[in-house]
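Student: Could you walk me through this structure with a few questions? I'd like to see how each answer is worked out.

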Amino acid sequence: MLTALALLVGLLAALGVAALPLARFPSGARTVHGAVAVAGLGLVAGGIGGLLNGPAVMELPFGPPWGPARLALDPLSSWFLLPLGLSVACAGLYAFGGVHGRVAPRELVPWPLFIAGMALTLLAADGFTLLLGFEAMSLASWALVAHDHARAENREAARIYLGFAGYGGLALVLAFGVLAGGAGDVAFAVLREAPPEGLRALAVMLLVLAGAGSKAGLAPLHVWLPLAHPAAPSHVSAVMSGAMTKVALYVLARFLFDLMGPAQPIWMGAPLIALGAASAVIGALRANLEEDSKVLLACSTIENVGLIAIGMGLAVAFRGADLPALAALAAGAALLHTLNHAVFKTLLFLAAGEVLHGALSRQLDRLGGLIHRMPWTAWAALTGAMAAAALPPLSGFASEWLLLQALLAAWRIGDIAFQMGAAAVTALAALAAALAAAAMVRFWGLVFLGRPRTPRAAGAEESGGAVRWALAVPAGLCVVLGLVPGLLLDLAEPALRVMVGTSAPRAGWDAIGAAEGGARYWPLAVALLLAAAVGLAVWVVRRRAPAGVMRGPAWDCGFIAAPPHFPFGDPAAQPSAAGFGQPLRRMLGQGLLSARERVTMPAPGATSPAVLDSGFRDPALAFLEGALPRWRDAAAARAERLRDLSIRQCLGLAFGAVVLMLALLAWMGAR
Amino acid sequence: MAVVWSILAQALHIALILAAAPLLTGVVRWMKARMMGRRGPHVLQPLRDLLKLLRKRPVLAENASAISLAAPYLAAGAAVAAAALVPSFARGMAFAPLADLILVAGLLAVGRVAMALAGMDVGTPFGGLGAAREMSFAALAEPALVVAALSLAILAGTTNLDAIAGSFRDGALGLRVSLGLALVALLAVAIAENARIPVDNPSTHLELTMVHEAMILEASGRHLALWDYAAQMRLLLWLSLLAAVFLPLGQAPAGSAPHWWVVGLAAWLVKIGGLALGLAAFESAIAKMRVFRVPEFLGAALLLGLLGAVLLFVSTGLA
């Protein structure tokens, strides 16, 4: 299985190279996208095979100068191959159906390389190979973010993304360095032998949080994500949000649960839980305020990554407190949500891409009423949005139910400070889930319901063929994955053993349970109950009510009738994106996102209009654009003074640096 | 035999809530009218309204989509499904293992989302306004509900409503400050979820701060009947939930013979009647608050719920 996967990665890389000549041919792009879709299916098959067959290891015949590159397929990497493969297969199919004619090589070549990099990261069994894959993923996705570089905001997004990717990669290199210590061997098998303790463990964790956390989009390092994800082509945005963040979370899980050993204390989980809660709330709140469909979805990704991080942090804490069953519960919630989010976010990004294709806009204020013109897209997107809003019996509810159950059991860790923190995080997670529901209603309702807000939206057209399937398949998966979470947890059982040493509390193939004798959730029974209740309502109404409906004009609350050149009524007389977000902007935005809302009234008697000025600013972005450059300039000014040093001082500086390095080496060798 | 009894109890429970939902709304309206010195409509008036609305053919806007047609059925179905899970006169009904508090919240969210989407379907300003406010209030009510559930889950060891009712019924817990705080939090959530005063006014269509009524402004005929019925079912569900968790006295224990059910039924009627009286008195005595005061109202509920949980941590830490 591992050999086949390694071959697949090699073929993807070769496909990236072959895309350069292929891009000249009219059908070249279709070939590449079709091959990528098939490769996605291969990754899924490899993941399932890896979960069923058990671990495998192999050494590649090449590698860094000091030894061969190693690959391994263990249950943890196998599980993460599933979201990657599903996301890639759907996105590849969508691109296959949506592309006609030639595509610029700069858009085509990095695409298979991007996927090969992600797969290599998952399969790596030593630090070098992992970093190689991680950096290939970063660079290839940067090229895709910058593909439309004629527009200034895309250049800006690509620049910020590259900066974050560079510093993130540096943090991961340092994490491996601190983990390996003086010996310098970064093979996972060797690293596992000597798990870090105390300060060293803390340093590794903070570095991994900075490196992998920034790639996953954990606050406060999430700033690049809502800029970069929307700038890429839609199928790439889907994989970046659906799969790339998951690969970063895999690196986080690989360090926290595997390489750092099982004997980590409770508080190792605390930073992850806190950052996860912050990301969940900020991401969900921003998703309610953004006015661009793809930016909105990227913000919702930050929220879901935060929820997964909470689950992982809880699993670390439970494991440290020697509560293996609860650790497996929290880890199971994280793994399940990883898969579910990959599916519904891929679907939502592809739907947003199809809307962009059909109605030529990403702005919510330029869309509307698309359910009439694009029914397939509308219903598929509704399924995904409702799964993202965590409505039973769809997939998002199952994993968020598990996460809430894990949070509700967090008080079993005896430390009172942890208990209070966990209670607050419980409230924040529930707040994030409800905010996500509001954001999804806003997104779907403004895009697909109501009246068209522009002539373009009124004349939108839907693609046929493969694009429909690329939307229908993940929509079906949102339902199916929601109905059989017990089966999925059984499948994830080997991965849970790698993470926390035990399997999750079993509740049968059709149910998930909090603990022995605790609360249970049977999605199939709930779906049947809901269907029966709706059926009852339909039956009663059918029996008593007359069939059919009459149609008439909507009551427009007494507005003056729109002029005849507005065939769909006055666009301003229906809710706008800013208007729909106004309650939450006032309730929560002023505190968390320094949102502002100011009405400037004209002087009494003046005929000028009143002006409403509203907006918000992410504090992390404000820091990035305000305080950070100021500090950089100050540091640069300090460094400038070194030029004026005398020769004696210069030599002293170099000599001091050498002594310091030697002392550091001696200290690390002594430990 | 126990299986047969549990199925029978479940069937009786469903029949009971189906019939009681419009009646409860009628009783609350009548009580409010009496407290305000009016004679008030007949108790059966909501039921008569429903039957009358069912006979009328709905008028839909020209650009209404399938959402307007499907959403009322989904909302009514979700409300009935959720109410079928909340124990009323007996514990150990057939659906008892399903009756998870978070699942009930999820089913209520299904109804809420269906209503918000129906409000946005036609693209009128009022519908969108109501939908935005409803989803925003829910965003604040949900954490308060989950934090109250945290106190219950710590005391009962589970979020299953049947098991919570059972462990509180057996009286092993006694009176606790935390439970009182959780009760206050849940009451606030119940008021917000049911769009009652002071959060929203259930008896008016023409008020600028309306939330619930704004979303169904376009509904008519059988669709309006279903929306109204869903709202009535939600009110019954919340009162029933409060009664099951905080006033478990008289509830027939699991696996008990039918003669206990009569006692349970009488106790349930008394409890729901008492809660309805309390609701009517509260609504008559208090004024509706500004929309942007609602976050403070729900935020206070959230803080009280958190305080209850923290008190539990402190007390178990000392014991």
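What follows is a chat about a predicted model.

Student: Let's begin with the backbone. Which residue does the cis peptide bond from A:Ala219 lead to?

Tutor: Most peptide bonds are trans, so a cis one deserves a look. In chain A, look in the loop between helix 9 (198-216) and helix 10 (225-231). The bond there has omega near 0 degrees, and it runs from A:Ala219 to A:Pro220.

Student: And in chain B, what is omega for the bond that joins B:Ile197 and B:Pro198?

Tutor: Find B:Pro198 in the loop between helix 7 (177-193) and helix 8 (212-215) of chain B. The peptide bond joining B:Ile197 to B:Pro198 is cis. Its omega is about 10 degrees.

Student: Is B:Ala195 buried or exposed?

Tutor: B:Ala195 sits in the loop between helix 7 and helix 8 of chain B, and its phi is positive, near 55 degrees. To count as buried, a residue needs 20 or more other C-beta atoms within 10 Å of its own. B:Ala195 has 21 of them, so the answer is buried.

Student: How about A:Leu360: what is its phi?

Tutor: Most residues other than glycine have a negative phi. A:Leu360 lies in the loop between helix 14 (324-359) and helix 15 (370-373) of chain A, and with 14 C-beta neighbours inside 10 Å it counts as partly exposed. A:Leu360 is not a glycine, yet its phi is positive, near 60 degrees.

Student: Now the inside. Which helix gives the most to the largest nonpolar core?

Tutor: That core has 386 residues, and those with the most contacts inside it are A:Ala429, A:Ala436 and A:Ala437. With 24 residues in the core, the top giver is helix 18 (residues 416-448) of chain A.

Student: Which residues of chain B does A:Ala437 touch?

Tutor: Leave out residues up to four places away in sequence. Within chain A, the partners are then A:Ala389 and A:Ala390. Across in chain B, A:Ala437 touches B:Ala109, B:Val113 and B:Met135.

Student: So the chains meet. How many residues of the side of chain A that touches chain B are nonpolar?

Tutor: The contact takes 70 residues from chain A and 71 residues from chain B. On the chain A side, helix 18 gives the most, with 16 residues. Sorting that side by type gives 12 polar and 6 charged residues, and the nonpolar ones number 52.

Student: Which residue stands opposite A:Gly552?

Tutor: Strand 5 (550-552) of chain A is among the elements that supply at least two residues of the side touching chain B. It runs parallel to strand 1 (residues 59-61) of chain B, and 3 bridges join the two. In strand 1 of chain B, the residue opposite A:Gly552 is B:Ala61.

Student: Is B:Ser315 buried or exposed?

Tutor: B:Ser315 lies in helix 11 (residues 294-318) of chain B. A residue is exposed if 12 or fewer other C-beta atoms lie within 10 Å of its own. B:Ser315 has 12, so the verdict is exposed.

Student: Last one: what separates the C-alpha atoms of B:Gln45 and B:Met215?

Tutor: B:Gln45 is in helix 2 (residues 45-55) of chain B, and it is partly exposed, with 15 other C-beta atoms within 10 Å. B:Met215 is 170 residues apart from B:Gln45 along the chain. Between their C-alpha atoms, the separation is 23 Å.

Definitions and conventions:
Residues are numbered from 1 along each chain as its sequence is written. Chains are lettered from A and ligands numbered from 1 in the order in which they are written. This is a predicted model: local features need pLDDT of at least 70, side-chain atom pairs count only at pLDDT 80 or more; totals for chains, interfaces and linings use all residues. Helices (H or I, at least four residues) and strands (E, at least two) are DSSP runs, numbered from the N terminus. A nonpolar core is a set of buried Ala, Val, Leu, Ile, Met, Phe, Trp, Tyr and Cys residues joined through C-beta atoms within 7 Å. Two residues are in contact if their C-beta atoms, placed from the backbone, lie within 7 Å. Ala, Val, Leu, Ile, Met, Phe, Trp, Tyr, Cys and Pro count as nonpolar, Asp, Glu, Lys and Arg as charged, and the others, Gly among them, as polar. Two strands pair if DSSP finds at least two bridges between them.
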